[in-house]
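Me: Please take a close look at a single part of this structure and describe how that part is put together. One connected account will do.

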Amino acid sequence: MNQQPPKSSARLDLTKGKTSIADKIMPVLLFLCASVSVLTTIGIVYTLLSETISFFRIVPIQEFFGSLKWSPLINPKSFGIWPLLSGTMLITIIAIIVAVPIGLASAIYLSEYASRRVRKIVKPILEVLAGVPTIVYGYFALTFITPIVRSIFPDTGVFNALSAGIVVGIMIIPMISSLSEDAMSAVPDSLRNGAYALGATRFEVATKIVVPAALSGIVASFVLAFSRAIGETMIVTVAAGSTPNLTANPLESIQTMTAYIVQVSMGDIPHGSVEYGTIFAVGMTLFVITLVLNMLAQYVSKRFREEY
Amino acid sequence: MSTTTAAPQVTETTKSVDFKTIIDIKDMDLYYGTYHALKKVNLTIPEKAVTAFIGPSGCGKSTLLRTLNRMNDMIPNTKIEGLVDIAGTDIYSNEVDVETLRKKVGMVFQQANPFPKSIYDNVAYGPRLHGIKNKAQLDEIVEQSLKQAALWNEVKDFLKRSAFSLSGGQQQRLCIARALAVNPEILLMDEATSALDPISTLKIEELTQELKNKYTIVMVTHNMHQAARISDQTVFFLNGEVVEFDQTDKLFSNPSDKRTEDYITGRFG
Amino acid sequence: MNNLFQDANRQQISGRRRNDLIWRILFLGATLFGIVALSALIITIVTDGIARLNPDLFTNYPSRRASASGMKSAIVGSLYMLCLMAPLSFVLGVGAAIYLEEYAPKNRFTRLIQLNISTLAGVPSIVYGILGLAIFVRTFGLERSLLSGALTMTLLVLPIIIVASQEAIRAVPRARRDASFALGATKWQTVSRSVLPSSISAIMTGVILALSRAIGETAPLIIIGAATYVAFLPESLFDTFTVMPIQIYNWIARPQEAFQDLAASGIIVLMIMLVIMNVAAIMLRNKYQKNI
């Protein structure tokens, strides 16, 4: 374009100096921190698997899944997982019956009806419910809910599935309500306004527009809550009893998988014994069920997400 | 009415000829993945002067600015070909230390971006990075930098206050002070006044006239009038190409390319 | 004009209105249920436990007689546990979060780590107890010690801390990183002097909330064999120990009413500790919001 102007005489020394040690080692150290979580998973899978396999060398897998009796500590010993599974399912179903309607209704109220101020007060209170230690819930089940249950059904024992199930339900309400509310709040107002413009009431908008639109998030919250109820330990240990019992009667004492693991851990069991092995076999069953449910929840919320 | 009357008026102060080249860009291409963002750029930038990059948004002017201190390195899949020579060093050669380069080529961003620290700690951030720990020395650097950024008188009594307590214009001058504190040769300004009110903008424009006595300033501006007011050389970009660069008064009064003329007379952009 | 609004099927509309009102009340009732349950829980615990909430609870060791029992060893055990876990889980959790947000290449392995962390967050706490039993207690031979407990609980809270820290780090504006790099900072200088100071209070909020969850955990520590009856204070990392939730569980499991009330007193102490930690977390969060 125009004639080349002379070059500046300024010189920059940009050659590499010493690279700081921190910039060399920190990425490695940080990577090691991140790999702890991977090692944890490997550790969980490896210990559960290896101990379960050696357990099945002594107790045949056919018995574990075939027998209907669980009495690993008392002779004659029997290792059928079904009573523990049914106990776990009974608790979980009661909890879901309590938590799903109440959690979902709370979510609808907070998302569709409540003023911003009410929401700001109520949400943190519900979150407190999620932060209460489970041992505290156990105490509450035993000393508050059980007497109520027994006054209604006098034949009920001190330890029963119903009280524990109700309290597990109370514990998972905030999980359902806050995750569902998040999903509903993400539904754009344009959808709501369209329905209001057609003369729909608030209830009609909530149930016919918002809930269907947020369904994947809502279902995912149910599945996660389900998984949480299955893994819950202290409430059932304290309030549901320790009698492995293949029953559907919520007024009976039962034992869940988690409560069994606690019971056997409280005793002094020799390392390598069959009793020691049961911890891992039952733990493995629990781990697989919750893992499948958690993956299902992730799949549901991704696969069926409404695109707005 | 002739279209050229709309062209920005060039002020007297910017007329000057005997510059030396400090940045020399030859046949440079830049790709973001497969997108060809800068095409065969050839450009020289004069020392101790203000060079303004103008052009419609998305034309590559900010991208070119960021190649000068290698801030584009952090964007994945960026590929650069050709030569970018600053004061005799090819800054993309393997021997170059990026951190030292950025120390020598400072940058001020579109949005003032102070750290959530005190005014003092903001200015001292750079010197501390480069190993200055001596309190008296830091005090001296902070004071000098704030004076150069014309902020000293406004803040000298509360250096310990949070940088967020300053107004937008003050924050931007703080960012200039922070950039000056590491003693750069070149100062890049990426639309540094676009988020500011007219009075703050004026202050920073005046500041650039002070600073160019000591530093080479390269600025991107969305405002042609600003380029005309304060720059010595103007570079016009369009679609990733340098259409034309020349002394500011010449480029605005007598552009050699039709596209430049169309742009500065407001036919597009 | 009036007819326009009157002509509509008024019965149908008023029916729908009534329906709407009934459901509104039901939804409100469901929301109140949670609040009522929480109130009932707090009232039960306070009325049962307030009588035994005296200095003995803090100065006495557990005893066969409820009237002489205290939870000194449990309180101290929980505090030791906290002191061991806090630095360990902070360093590992924040380190992992920094790696994932600032250093990790965007490839399949990184996505795998990320998926792994969210999966771990959903693993029941009792499974961590089983892991601790097999790895720390048996394989590493640490026995039923304070150290085994602290390591197990660290692994339990790690996913929560990583996720919270990642969110905090992600919330730091890009401009703040750019400002640091543009001054010639290296990656680690930028992370340590700009990104971390900007996100530290949000990170601490997450860490404290995670630790408060750990303080209330019972099951994993029972599995690794934290003792239920400990009438001394642990003197080294390798001593047996107990913590508040386990002491509370031990009391709940006794048939006598006096021990039940003692359990309620213990719960009050535990809950007060949790409230303090949560208030600290909220205060940090509020401070953080000013910084962004």
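Reply: Helices (H or I, at least four residues) and strands (E, at least two) are taken here as DSSP runs, numbered from the N terminus. The model is predicted, with pLDDT of at least 70 needed for local features and 80 or more for side-chain atom pairs, while totals for chains, interfaces and linings use all residues. Residues count from 1 along each chain as its sequence is written, chains are lettered from A and ligands numbered from 1 in the order written, and side-chain values use heavy atoms, without hydrogens and water.

The part chosen is a sheet in chain B. Six strands make up this open sheet, in the order β6-β7-β8-β3-β9-β10, with mixed pairing; two strands pair if DSSP finds at least two bridges between them. At the edges lie β6 (105-108) and β10 (241-247) of chain B, each pairing on one side only. With direction ignored, neighbouring strands are turned by 15° against each other on average.

Within the sheet, β3 (residues 50-54) and β8 (residues 216-220) of chain B pair in the parallel sense, over four bridges. B:F53 has B:V220 of β8(B) as its bridge partner.

Helix α1 (residues 61-68) of chain B lies across β3, β6, β7 (186-190), β8 and β9 (233-238) of the same chain, where contact means heavy atoms within 4.5 Å. This helix runs at about 150° to β7(B); axes are lines fitted to C-alpha atoms, for helices over the stretch in contact, and angles run from 0 to 180 degrees between N-to-C directions.
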